[in-house]
Amino acid sequence: MVKKINKAIFLDRDGVINKPIIRNYKPYSPRSLSQFKIYKDIKLLKNFKKNYFLIIITNQPDVKTKKIRKEMIKKFHNKITNLLKIDKIYVCYHTDEDKCLCRKPGIKFFLDAKKKFNLSLKKSYFIGDRWKDMRAGSKAQCINIFLDKKYKESSKYDFNFSYRCNNLKGAINYIKKRDKII
Ligand SMILES: [Mg+2]
């Protein structure tokens, strides 16, 4: 089905779609199916499908460092798409050392999505819970929503956002209000 829409809700994965593993106020990616717990709030995004593409952009460097296999990441993503149809999931498997363009705060995937779905990035949202997300969202000129989970790192970096809240529901309410969706 071709949608006549030109905006997206870009979503980070860990901390937005699923619970991160928290150690010492720092988030880590889950590594097993039993650790992979999806927030119930993602079902609220179903109502947005007719007006927005839903696109996940996630950094998963644990694949490069061999802490997890790609097959497991695919199983996680099947769990997500069984609950909510996602238009595209972009995964960067690199680490900083690879100096790739796709790892956030890099914006290659935003630009790829813009081309693939014919998007206006300025009308699109990005919801993330870390400074790298917000830096990427700003660079891509998206409307940034910061899910502030009070990680230790968040006070160490400068980044910009249009709205701050602490869960996906708050972010969704902001989008509704801003885009006047009833
Ligand atoms: Mg995250």
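Which residue in β4 is the bridge partner of Leu11? Select Leu11 and look across to β4: the partner is Ile56. Keep in mind on this tour that the model is predicted.

**Stop 1: β1 beside β4**

Widen the selection to strand β1, residues 8–11. This strand runs parallel to β4, and four bridges join the two.

**Stop 2: β4 itself**

Now select residues 53–59, which form strand β4. Count the buried positions: six of the seven residues qualify. The strand is therefore largely enclosed by the rest of the structure. While the strand is on screen, recall a rule for reading it. In a regular strand the side chains alternate between the two faces of the sheet.

**Stop 3: on to β5**

Add residues 88–92, strand β5. Here the pairing with β4 is again over bridges, five of them, in the parallel sense. To find one of the pairs, pick Thr58; its bridge partner in β5 is Val91. Next, trace how the chain gets from β4 to β5. The path goes through helix α1, residues 70–83, and this β-α-β crossover is right-handed.

**Stop 4: Met72 in α1**

Stay on helix α1 and select Met72. Is Met72 buried, exposed or partly exposed? It has 17 C-beta neighbours inside 10 Å, so it counts as partly exposed; the buried class would need 20 or more. Now add Ser32 and draw a distance between the C-alpha atoms. The two residues are 40 apart along the chain, yet the separation is 7.3 Å.

**Stop 5: Tyr157 in a loop**

Jump to Tyr157, in the loop between β7 (143–147) and β8 (163–165). Its C-beta has 11 neighbours inside 10 Å, so Tyr157 counts as exposed. For a second distance, pick Arg135, 22 residues away along the chain. The C-alpha atoms of Tyr157 and Arg135 are 9.7 Å apart.

**Stop 6: zoom out**

Show the whole chain and colour it by secondary structure. There are four helices and eight strands. Follow the sequence and the order reads β-β-β-β-α-β-α-β-α-β-β-α. The radius of gyration is 15 Å, close to the 16 Å that the globule rule gives for 182 residues, so the chain is as compact as a globular protein of that length. Switch to the C-alpha trace: it spans about 40 × 35 × 30 Å along its principal axes.

Finish with two settings for the full view. Colour by burial, and 32% of the 182 residues come up as buried. Then draw the contacts with a separation of 6 or more: 60% of them link residues 24 or more positions apart.

Terms used: Residues are numbered from 1 along each chain as its sequence is written. This is a predicted model: local features need pLDDT of at least 70, side-chain atom pairs count only at pLDDT 80 or more; totals for chains, interfaces and linings use all residues. A residue is buried if 20 or more other C-beta atoms lie within 10 Å of its own, exposed if 12 or fewer, and partly exposed in between; C-beta atoms are placed from the backbone. Two strands pair if DSSP finds at least two bridges between them. A crossover is right-handed if, with the strands pointing away from the viewer, the path from the first strand over the helix to the second runs clockwise. The radius of gyration is taken over C-alpha atoms; the globule rule is 2.2 Å times the number of residues to the power 0.38. Two residues are in contact if their C-beta atoms, placed from the backbone, lie within 7 Å.
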